[in-house]
Amino acid sequence: MSQFVASRARSAIFSLKPYVPGKPIEEVKRELGLEDIVKLASNENPLGPSPLAQRAAASILDQLHYYPDSNCFELKQKLSERYNLSPSSILIGNGSDELLKLAALAFLNPGEQVVLPQPSFSAYEFSAKVMDGVCLPVPLADFTHDLSAMLQAVTEQTKIIYICNPNNPTGTIVSREQIDEFMSQVPDHVLVVFDEAYSEYAESPDYVSGLEYLRAGKNVMVCRTFSKIYGLAGLRIGYAFTTPEIAGAIERVTDPFNVNSVAQIAALAALDDFEHLWTSQELNQKGKHYLYEQLNNLGLYYVPTQANFIFIDTRQDCRKVFQGLLQQGVIVRPGDVFGYPTFIRVTIGTAAENARFINSLRTVLENLS
Ligand SMILES: *Cc1c(COP(=O)(O)O)cnc(C)c1O
């Protein structure tokens with residue numbers, strides 16, 4: 001590192017771990033000379049974007065010389081009607097990643113604490129550390145948030161608690177009963193951020209959205225995204241519900257044109273594409289049960305999931321399994337980055353992709369044993 005950067009850049013940035021994204025398809029093609037690649041590494045929708053969203057996006061390509069609506073008026077209006085919450089309590093972001101970062105930017109002073117589950121989505125740690133905040137990671141218990149341990153980690157200096165529900169990378173949920181208990185005890189000085197990127201996939205009757213606690217008057221922020229079930233990850237757009245006061249604070253630190261016009265119009269259309277939504281949910285359900293059955297046949301442990309991915313114990317070095325699967329043209333996420341060196345996280349794909357994954361996994365495991 002240059003002397004200039006070492007001495008002049010903010011010291012907090014050197015504590016950040018670089019984000020490790022799922023390996024892009026084009027990169028695998030280049031590196032391995034393979035043509036037919038299946039990417040099951042980033043929990044994208046295997047059916048692609050909503051057709052209504054695609055059409056809407058295409059419809060404004062001749063308007064790109066105009067700045068986008070900085071207030072995202074129409075999208076907030078639609079979300080407001082759908083969820084019966086005031087537009088002033090809705091935030092739209094350049095991905096929900098941006099909204100997570102903006103929450104920390106608006107609320108976290110240097111040295112103040114956040115409580116987060118571990119392992120979980122890396123953006124919580126990132127957004128806290130970039131603000132010079134202090135992270136108090138609380139290990140999962142049985143692959144699930146340990147809400148009572150998270151409560152115990154709270155101090156006077158705690159500003160934010162993150163709850164990823166369903167959790168990435170384990171696919172588990174915390175139940176209504178557990179969250180009720182937790183919310184009844186969480187101190188008023190703490191902002192509870194619910195990250196519900198996979199809420200549309202949750203099937204359990206025990207699942208509850210953080211929205212219920214927002215409606216009950218708690219200081220809660222609920223983040224959702226168009227990147228997962230709506231299939232718009234490439235456009236970068238997410239949304240959040242919170243109190244109008246918290247929304248106002250976060251708006252103060254938001255760039256005026258943070259959400260591009262193509263993303264806004266596509267998201268608006270996606271919200272009306274129930275056929276795409278329901279087809280995606282059904283495909284995921286079927287794929288999940290197929291994979292459960294096949295993993296059972298292989299004698300492998302997996303964590304039952306409420307999301308569109310499965311966390312699987314291969315009982316082998318996950319890096320070897322990851323590499324072996326890559327050779328077969330199947331991209332998954334190795335579990336060592338999450339602290340589980342024998343696990344892989346696999347997105348539930350189309351029926352053909354799931355079968356290809358299972359066959360490749362069988363081959364790889366046979367070769368390793
Ligand atoms: C994928 C994902 C997101 C979505 O991020 P975007 O910035 O909206 O693409 C948020 N939280 C979790 C837990 C995720 O897995």
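Q: What makes the pairing of Tyr198 with the ligand a polar contact in this predicted model?
A: An N or O atom in the Tyr198 side chain sits 2.6 Å from an oxygen atom of the ligand. The cut-off for such a pair is 3.5 Å, so this one counts as a polar contact.

Q: Which other side chains put a polar atom by the ligand, and how far off?
A: Asp195 has one 2.6 Å from a ligand nitrogen atom, and Arg236 has one 2.7 Å from a ligand oxygen atom. Taken alone the ligand exposes 390 Å², and the protein buries 93% of that.

Q: Which residues are closest to the ligand?
A: Of the 13 that surround the ligand, the closest are Asp195, Tyr198, Thr225, Ser227 and Lys228.

Q: How do you know where the largest pocket lies relative to domain 1 and domain 2?
A: Look at who lines it: domain 1 (20-48 + 275-368) and domain 2 (52-270) both contribute residues, so the pocket lies between them. Its volume is about 1,200 Å³. Among its 43 lining residues, Tyr19, Val20, Phe121, Ser122 and Ala123 are the closest to the centre. Helix 5 (96-107), strand 3 (113-118) and helix 6 (123-130) each give two or more residues to that lining.

Q: Why is the other kind of space called a cavity and not a pocket?
A: A cavity holds points where a 1.4 Å probe fits but cannot get out, whereas a pocket is open. The search finds one cavity of 30 Å³ or more, and the largest cavity, at about 50 Å³, has Asn45, Tyr201 and Gly349 among its lining residues.

Q: What makes up that cavity's lining, by class?
A: Four nonpolar residues, five polar and no charged.

How values were computed
Residues are numbered from 1 along each chain as its sequence is written. This is a predicted model: local features need pLDDT of at least 70, side-chain atom pairs count only at pLDDT 80 or more; totals for chains, interfaces and linings use all residues. Side-chain values use heavy atoms; hydrogens and water are left out. On a 1 Å grid over the protein atoms alone, a cavity is a set of points where a 1.4 Å probe fits but cannot get out, and a pocket is an open set with protein on both sides within 12 Å along at least five of seven lines; lining residues have an atom within 4 Å of a point. Grid points are joined across faces, edges and corners, and a volume is the space filled by probe spheres set on the points. Helices (H or I, at least four residues) and strands (E, at least two) are DSSP runs, numbered from the N terminus. Domain bounds come from an automatic or database domain assignment. Ala, Val, Leu, Ile, Met, Phe, Trp, Tyr, Cys and Pro count as nonpolar, Asp, Glu, Lys and Arg as charged, and the others, Gly among them, as polar. A residue is near a molecule or strand if one of its heavy atoms lies within 4 Å of it. A polar contact is a pair of N or O atoms within 3.5 Å; within protein, one must be able to donate a hydrogen and the other to accept it, and residues adjacent in sequence count only if both atoms are side-chain atoms. Accessible areas come from the Shrake-Rupley method with a 1.4 Å probe; for residues, only the protein chains shown count as cover.
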